[in-house]
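User: I should like to work through this structure by question and answer. Please reason briefly each time and finish on the value or name requested.

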Amino acid sequence: MAKDKTQYVCSECGGTSPKWLGKCPSCGAWNTLVEQAPAAAGGPAQNRFGNTFAALGGASELAVLAEIEATDVARTPTGLEELDRVLGGGIVPGGVTLIGGDPGIGKSTLLLQAADALQNAGQIALYVTGEESGAQVALRAHRLGLERSQVQLMAEIQLEKILATLDAHRPAIAIIDSIQTVYSDQLTSAPGSVAQVRECAAHLTRFAKASGTAVVLVGHVTKEGALAGPRVLEHMVDTVLYFEGDTHSSFRLVRAIKNRFGAVNEIGVFAMTERGLRGVANPSAIFLSQHAQPVPGSVVLVTLEGTRPMLVEIQALVDDGGPSPRRLSVGLERDRLAMLLAVLHRHAGVASMDQDVFVNAVGGVRITEPAADLAVMLAISSSLRGKALPKGFVAFGEVGLAGEVRPAPRGQERLREAAKLGFSVALVPKANAPKKPIEGLTIHAVDRVDEAMAVVRQLD
Ligand code: TYD
Ligand code: MG
């Protein structure tokens, strides 16, 4: 069979080898050879060498950019408002979306709900389940109150059969749950291997583009946080969404990290309920824990997620460490934490060399923007001093290595949101200080880290 025709291609240099080797014979890199399916025999694509260009398929027509009509892509809303928000309005015909996240976070639930909503809107939605049996999916549908759902279901993991079925039925949307379970006959590697995942995703992508069916691929995330098949899918697809959140809390975030049809970094917020995921239309205050009185080590950060400001509590615990103190962060970057500790020491005289430092963004939300720096620093110094910040305190701002406090994008919006939710004191970068006062909010604007620490000490 096709077995002896597959070749192994180095992901570093593109060199090929007829069999798998630990070391690439061309560039010497280790563990880079990945199995690749042979191209269809006789097709022009693989006759790259030894053929004239004309034989490869003739020249294509060119078009002048200015003369191409800029039509916006048509979008079909899924009916789940928060999902549509991250998608940039809805699914796009022929668009391929990859949705990743930890097991059990709600990928299948969300997509089944979306498929049902689309089916109800008169589109054909096909759900290909490779992980669960039809009965299991039906059970989920029951829990979701969708027992009368008209969604088309197929329990299949073989790529060729899936493609044939898609081609025969031409659904508006096809959900592949999950891409790691799909395998192609053309390859000998096991389902879920990089080679299989990449090959299957490539075929499904080609099908989407050729047929206009919107394809959604569900992908699992490995322990290291990458979609299995190290990032190989991300550049292939149009949209990449990640599910975030703590499986222990009910809130889930869906974040767009790539979107050819809309804005990135937009997030959709959902709450997992008894009957599936419900959109949270006004999420700005869900990541605050409720303290009756302010506690040391806790600072509320105003962060900006996509177009919406959100308030997230940052907690820090600083405690005597052993000979090699630990620095741990949940929901925030650990390297950034190490940097902030160094800045805090060097520019504000706050030493924590012999201390364990733990920081956490409440509610399992992941914060990537540098505007969180100031709040993280204040939480650490608050815990170290054992002094709580005043009630109704918020902060944001980026901190630089020179000890400067840099402005955050769209500071006014952040401040207005904080005021709306009843916060009364804000510590912000000087450049974010509003020209006109904001009602109910006392604003302290600072240029440098040591100034920020001085302000906080005054507030004690
Ligand atoms: P699921 O969509 O199966 O996750 P994934 O496909 O990402 O692995 O979600 C499973 C979790 O969601 C499971 O722990 C049960 C919970 N859940 C609810 O709380 N309510 C519901 O209505 C449903 C269907 C699931
Ligand atoms: Mg699932």
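User: What distance separates an oxygen atom of ligand 1 from an N or O atom in the side chain of T109?

Analyst: The model is a predicted one, and the distance is computed from its atoms. T109 is among the closest residues to ligand 1. An N or O atom in the T109 side chain and an oxygen atom of ligand 1 form a pair at 2.5 Å.

User: Which residue has a side-chain N or O atom 2.7 Å from an oxygen atom of ligand 1?

Analyst: The closest residues to ligand 1 are G104, S108, T109, R140 and G276. At 2.7 Å from an oxygen atom of the ligand lies a side-chain N or O atom of R140.

User: How much of the accessible area of ligand 1 does the protein cover?

Analyst: Besides side chains, the backbone takes part in the surroundings of the ligand: an N or O atom of the G106 backbone is 3.0 Å from an oxygen atom of ligand 1. On its own, the ligand has 560 Å² of accessible area, and the share covered by the protein is 77%.

User: Which element supplies the largest share of the shell around ligand 1?

Analyst: The shell contains 16 residues. At least two of them come from each of helix 2 (107-120), helix 3 (134-143) and strand 11 (267-273). With 3 residues, the largest share belongs to helix 2.

User: How many residues of the shell around ligand 1 are charged?

Analyst: The shell is divided by residue class into nonpolar, polar and charged members. There are 4 nonpolar and 6 polar residues, and the number of charged residues is 6.

User: Is P103 buried or exposed?

Analyst: An unreviewed UniProt entry includes P103 in its "binding site" feature, together with G101, D102, G104, I105, G106, K107 and S108. In the model, P103 is in the loop that lies between strand 4 (96-101) and helix 2. Because its relative accessibility is 57% and the cut-off is over 50%, P103 is classed as exposed.

User: Is Q355 buried or exposed?

Analyst: Q355 belongs to strand 16, which covers residues 355-361. Its side chain makes a polar contact of 3.4 Å with the side chain of D354. The relative accessible area of Q355 is 11%, and the limit for the buried class is under 20%, so Q355 is buried.

User: What is the geometry of the peptide bond from D177 to S178?

Analyst: Most peptide bonds are trans. S178 is in the loop between strand 7 (173-177) and helix 5 (194-211). The bond from D177 to S178 has an omega near 5°, and its geometry is cis.

User: What is the phi of N31?

Analyst: Most residues other than glycine have a negative phi. N31 lies in the loop between strand 2 (16-17) and strand 3 (33-36), and N31 is exposed at a relative accessible area of 61%. Although N31 is not a glycine, its phi is positive, near 55°.

User: What relative accessible area does R410 have?

Analyst: R410 is in the loop between strand 19 (405-406) and helix 8 (411-420). It has a positive phi of about 55° without being a glycine. R410 is counted as partly exposed because its relative accessible area is 37%.

User: What distance separates the centres of domain 1 and domain 3?

Analyst: The domain assignment gives domain 1 (1-39), domain 2 (81-281) and domain 3 (285-459). Taken over C-alpha atoms, the centres of domain 1 and domain 3 are separated by 49 Å.

Key: Residues numbered from 1 in each chain as written. Chains lettered and ligands numbered in written order. Predicted model: local features only at pLDDT ≥ 70, side-chain atom pairs only at ≥ 80, totals over all residues. Heavy atoms only, no water. Near = heavy atom within 4 Å. Polar contact = N/O pair within 3.5 Å; in protein donor to acceptor, adjacent residues only side chain to side chain. Areas by Shrake-Rupley, 256 points an atom, 1.4 Å probe, with all protein chains shown as cover. Helix = DSSP H or I, 4+ residues; strand = E, 2+ residues; numbered from the N terminus. Nonpolar A, V, L, I, M, F, W, Y, C, P; charged D, E, K, R; others polar. Domains from an automatic or database assignment. UniProt positions renumbered as here; feature names shortened; annotations may be inferred. Buried < 20%, exposed > 50% of the residue type's maximum accessible area, 1.4 Å probe, protein only.
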